[in-house]
Amino acid sequence: MVKEISISDYFNQKRNLAVIDVRSPGEFAKGNIQGAVNIPLFSDTERAEVGTVYVQQSKEKAIELGYQFVNPKLEWFIDESRKVAGAKPVMVYCWRGGMRSHAFAEHLLKNGFNIVYLIVGGYKSFRNYVLDFFEQNFKLKVLGGYTGSGKTYILKSLKALGEQVIDLEGIAHHKGSAFGAIGEKAQPSVEQFEADLFYQMRELNLKAPIWMEDESINIGKVRIPLNLYHQIRTQKVYFIDIPKQKRAEHLSMEYSTFGNDLIKEAILAISKKLGGQNVKLAIELLEQNNYYEVALLALDYYDKTYLRGVDSRNQEKVCKISLSDLNHHKNAVKIIEIAKQHEQH
């Protein structure tokens, strides 16, 4: 039998289901439900052709063409679904929970599957569920600090010390600056970033504080959900101030392993902001493998930019913490201690 369930039931009841996404590979790549396996009814090209016929001719002609594309794959659908399912019940979804998922589910039922779950409203209902999640208020503790302060490492130390932490840059696969893509995997789509962030945050105790880094609304090519970003910008920020020389040492060690070509690309990406003379000097220093001086030049720009962002905040919610070096564990311990003192007052 086909059994329809809402997306909220799917998450709240935590059924152990094998999830099949029957949308095209392009749709799936743009965003999907965690753990879903793509068994596409149509390829991207086929889907485009069906859509064109629907618009230019008729729904009936589009359905007829759809069957022509689908019929040769019927046995493959069953074989792949059995591989995905194992001993689990199957849940199927398409974009809106319409014809594609219903047809796929009926085909499974005719070929040995006893029960197939369908998400009411399909992937679209999941998207709305994710976006609604970010409309609530969170208890955030925001970690700020100049570029090169090791904030990502401090977040890891905070987590190791028992704090709740969300690493936005880790989920985005980007460190946030022009240099941020160096050493990272390809970024997810905006939709997938939101879904991945949703999955991590829903596992936390949302009534308790969550540490996040102070970010721009865009992290590389992805975007923080607007309400969450607004909360990051308006909650108390614990701004760590570490000497520029220490930060330059840290950055020079971190980035020197990735090769000069990538670093040069990043320098050229901010050439207008650095200024012609500084760009020329930075590239000359890079050719000499003088990564420390390159880092100092870049920090002149990034420190000014970040300070403008901090100055635009409500200063009553900015707690500046001077730290002498980049001992991430020691720094995390101090930040926790200061945060607790502020909570008591």
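**Exercise 1.** Which helices each supply at least two residues of the lining of the second largest pocket?

*Solution.* Begin with the basis of the work: this is a predicted model, in which local features need pLDDT of at least 70 and side-chain atom pairs count only at pLDDT 80 or more, while totals for chains, interfaces and linings use all residues. Residues are numbered from 1 along each chain as its sequence is written, and side-chain values use heavy atoms, with hydrogens and water left out.

Next, fix the terms. A pocket is an open set of points on a 1 Å grid over the protein atoms alone, where a 1.4 Å probe fits and protein lies on both sides within 12 Å along at least five of seven lines; its lining residues have an atom within 4 Å of a point. Helices are DSSP runs of H or I with at least four residues, strands are runs of E with at least two, and both are numbered from the N terminus.

With these terms, the helices are α3 (44-56), α4 (59-70), α5 (74-85) and α6 (99-109). The lining comprises 26 residues, and Leu41, Phe42, Val50, Met99 and Arg100 lie nearest the pocket centre. The space in this second largest pocket is about 840 Å³, a volume filled by probe spheres set on grid points that are joined across faces, edges and corners.

**Exercise 2.** Determine whether Gly170 is buried, partly exposed or exposed, and place this residue in the chain.

*Solution.* Buried means under 20% relative accessible area, exposed over 50%, and partly exposed in between, with a 1.4 Å probe and protein chains only. Gly170 counts as partly exposed because its relative accessibility is 33%. Gly170 belongs to helix α9 (residues 168-172), and its C-alpha atom is separated by 9.1 Å from that of Glu184, 14 residues apart along the chain.

**Exercise 3.** Describe the backbone setting of His173 and of Asn289.

*Solution.* Most residues other than glycine have a negative phi. His173 has a positive phi, near 55°, and is found in the loop between α9 and α10 (190-202). Asn289, likewise not a glycine, has a positive phi of about 60°; the loop that holds Asn289 runs between α15 (276-287) and α16 (291-311). Asn289 is partly exposed, because its relative accessible area is 45%.

**Exercise 4.** Summarise the secondary structure and burial of the whole protein chain.

*Solution.* The secondary structure comes to 17 helices and eleven strands. Of the 345 residues, 48% count as buried. Along the principal axes, the C-alpha atoms fill a box of roughly 70 × 50 × 35 Å.
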